[in-house]
Amino acid sequence: MKKLIVILALLPLLATSCVNEDEFPDSPQGNLEALWKVIDEHYCFFDYKQHVYGLDWQQAYNIYNVRARGNLSDYQLFEVCTDMLSELRDGHVNLYTAFDNGRYWHWHEDYPTNFSDTLQRRYLGTDYRIAGSLRYKILDDNIGYAYCGSFNSPIGEGNLDEVMKYFAFCNGLILDIRGNGGGDLTNAEKLAARFCQEKTLVGYIQHKTGKGHNDFSEMEPQYLEPSANLRWPKNVVVLTNREVYSAANDFVKCMKCFTTVKTVGDQTGGGSGLPFTSSLPNGWTVRFSACPTYDRNRQQIEFGIAPDYEVQLTDDDFRQGRDTMIEFARKLLVE
């Protein structure tokens, strides 16, 4: 038998910590019980999701424990465990094995994409600039357009200085993060700091203090400091869709705190829990949300953030080679 280990994996800058748990046998039922228990004691959205859609984690155990009985193959056990984790409806919950990754992607798969690579190429052309993870260009009405498709790759301060200088004489800026599934929070905060003019309260965070579903610390405020480098003082529109998740969701949370920013498009996908990881007796790894974060009004953003202006791509605009969201943003910036 192996001990169940919970490993803190919030941010690269934080030290890791472990919590020793009870021992479970390396059998199909033992692994499922270990998985259920670590989620039961460390997951952070039970009460919220029970209120929103009736999540009953004890009932989930009763159902999936029966399915885990007998001589299941690894593939069969993986299916049972993944199905049980899907009850949480959380894109930050994953089961990692050598042969597959269990995931819940309905947070974006059940909604329109509201983004087209074909349309974007019509706006960027072939002469756009690249700075780190940003692709950017000045549109013909003197509106700056920058696309950030991920926060996985570092964005250098020098890169951002060059982008700010390039757009300096533009009338406004469109910052397109559609399809950005997240990445490193420090990259998201670094970009948001370029639009922050003073120290700003952007949200709150809690930490688990015990094994009970309601064992949390008090809400701790989160502040964003303005960048010490070049900043953008004019109006900016952030384009969002359902694929905006995790660190990108947090980026939107920060940007909505600034008076010069409007968000346009679809509601973000969410993903506001900072993740921990744990190992099961058979060596599989499970990731799950353990620290809930909130917006500056102490409201949940786990299931996404609504835009200031809800705009969907239309078939008619697509046929004409127009991106409905970009065109709406351009008009908004010149009003």
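E243 makes contact with W107, H108, T113, G179, N180 and G181, not counting neighbours within four places in sequence. The model is predicted. E243 sits in the loop that links β11 (236-240) to α9 (247-255). Is E243 buried, partly exposed or exposed? Its relative accessibility is 25%, so E243 counts as partly exposed. One of its contacts, N180, is 63 residues away along the chain, yet the C-alpha atoms of E243 and N180 are separated by 6.2 Å.

The strand before this loop, β11, belongs to an open sheet of seven strands. The strand order is β5-β6-β7-β8-β11-β12-β15, and the pairing is mixed. Which strands form the edges? They are β5 (129-131) and β15 (309-310), each pairing on one side only.

Inside the sheet, β8 (residues 172-176) and β11 run parallel and are joined by four bridges. Across this pair, L173 stands opposite V236 in β11. In general, strands of a sheet pair through backbone hydrogen bonds, either parallel or antiparallel.

Two helices meet the sheet, as tabulated here.

| Helix | Strands involved | Angle to β6 |
|---|---|---|
| α6 (residues 117-124) | lies across β6 (134-138), β7 (143-148) and β8 | about 50 degrees |
| α7 (residues 157-166) | touches β5 and β6 | about 15 degrees |

Helix α6 lies across three named strands, including β8, the strand that is bridged to β11. Helix α7 packs on the sheet and touches β5, an edge strand.

Terms used
Residues are numbered from 1 along each chain as its sequence is written. This is a predicted model: local features need pLDDT of at least 70, side-chain atom pairs count only at pLDDT 80 or more; totals for chains, interfaces and linings use all residues. Side-chain values use heavy atoms; hydrogens and water are left out. Helices (H or I, at least four residues) and strands (E, at least two) are DSSP runs, numbered from the N terminus. Buried means under 20% relative accessible area, exposed over 50%, partly exposed in between (1.4 Å probe, protein chains only). Contact means heavy atoms within 4.5 Å. Two strands pair if DSSP finds at least two bridges between them. Axes are lines fitted to C-alpha atoms, for helices over the stretch in contact, and angles run from 0 to 180 degrees between N-to-C directions.
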